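Could you walk me through this protein model? I would like to get to know its empty spaces and the contacts between its side chains.

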Amino acid sequence: MLTQKTRYALRALLYLIEEGHGDAVQLQRIAETQKIPRKFLELIMLDLKAMGVVQSVRGPKGGYRLKRHPSSISFGQVVRGLEGPIALIPCASVNFYKKCGDCHDEATCAIRRVFAQVRDRSLDVLNSVSLEDGARWELRVAGPTTVNHEGFEEPPAEDWQI
């Protein structure tokens, strides 16, 4: 399950795109508009800074802004950077593998096989959606929608704005 920290981080990043347009946004403004406790947001932004996702800007027009273009930052990078393993069980993790204590035979374990597929499909989706995509989804103009190959509603491309 996604932690509140990661949800707040994604919310703050999307706000930087939607309202900052490349300029720095003051932490207090992010906290107030996104209803994120300021002290918690400070810690989140420090983590995002350490991950190379945001940078801080000093001065009267200071705050935080994205360090890279939003099309180059995926939801997967943010989730993995803040949450750690994507796999729901340790033996299905690629980067954080750990043998399960109650496993009889990892090679034939149906539980491991299913959760490895869950991990792979989750990563496919998370890595295929950029922050820019997310911002476009949030800023779309109300109107006709289509359903994509994954079953999600999307507006026509010409209605997406950033």
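Below we look at the pocket, the cavity, the charged pairs and the aromatic pair in turn.

Keep in mind from the start that this is a predicted model. A good place to begin is with the spaces between the atoms. Rolling a probe the size of a water molecule over the atoms reveals where empty space remains.

The largest pocket has a volume of about 250 Å³. Two elements each give two or more residues to its lining, namely α1 (4–20) and α4 (75–83). Of the elements, α1 gives the most, with six residues. If you would like to find the pocket in the view, look for Leu-2, Gln-4, Arg-7, Tyr-8, Leu-10, Arg-11, Leu-14, Phe-75, Val-79, Leu-126 and Glu-138, which line it. By class, seven of these lining residues are nonpolar, one is polar and three are charged. Keep Tyr-8 in mind from that list, since we will return to this residue at the end.

Next comes a space of another kind, the cavity. In the whole structure, the search finds one cavity of 30 Å³ or more. The largest cavity holds about 40 Å³ of space. Around it you will find Arg-80, Pro-85, Ile-86, Ala-87, Ser-93, Val-94, Asn-95, Phe-96 and Arg-119. This lining divides into five nonpolar, two polar and two charged residues.

Now let us turn to the charged side chains. Side chains of opposite charge can pair when their charged atoms come close. The structure holds seven salt bridges, and we will visit three of them here. One joins the side chains of Glu-19 and Arg-29, with 3.9 Å from N to O. This pair links distant parts of the chain: Glu-19 sits in helix α1 and Arg-29 in helix α2 (residues 27–34), ten residues apart. Both partners are partly exposed: Glu-19 has a relative accessible area of 40%, and Arg-29 has one of 36%.

The other two salt bridges on our route involve Glu-42. Arg-38 forms a salt bridge with Glu-42, and their closest N and O atoms are 3.2 Å apart. Where do these two residues sit along the helix? Arg-38 and Glu-42 are separated by about one helical turn, because they lie four residues apart in helix α3 (residues 38–50). Lys-39 also forms a salt bridge with Glu-42, here with the closest N and O atoms 4.0 Å apart. Lys-39 and Glu-42 are three residues apart in helix α3, so about one helical turn separates them. Through these shared partners, salt bridges join Arg-38, Lys-39 and Glu-42 into one network.

Is each member of this network buried, partly exposed or exposed? Arg-38 is partly exposed, with a relative accessible area of 37%, and Glu-42 is partly exposed as well, at 25%. Lys-39 counts as exposed, because its relative accessibility is 62%.

Our last stop is a contact between rings. The whole structure has one aromatic pair. Tyr-8 and Phe-40 form this pair edge-to-face, with 5.8 Å centre to centre and 75° between the planes. The two rings link distant parts of the chain, as Tyr-8 belongs to helix α1 and Phe-40 to helix α3, 32 residues apart. Tyr-8 counts as buried because its relative accessibility is 17%, whereas Phe-40 is partly exposed, with a relative accessible area of 31%. Here we meet Tyr-8 again, one of the residues that line the largest pocket.

How values were computed: Residues numbered from 1 in each chain as written. Predicted model: local features only at pLDDT ≥ 70, side-chain atom pairs only at ≥ 80, totals over all residues. Heavy atoms only, no water. 1 Å grid on protein atoms, 1.4 Å probe; cavity = no way out; pocket = protein on both sides within 12 Å on 5 of 7 lines; lining within 4 Å. Points joined across faces, edges and corners; volume = space filled by probe spheres on them. Nonpolar A, V, L, I, M, F, W, Y, C, P; charged D, E, K, R; others polar. Buried < 20%, exposed > 50% of the residue type's maximum accessible area, 1.4 Å probe, protein only. Phe/Tyr/Trp six-rings, centres within 6.5 Å; stacked < 30°, edge-to-face > 60°.
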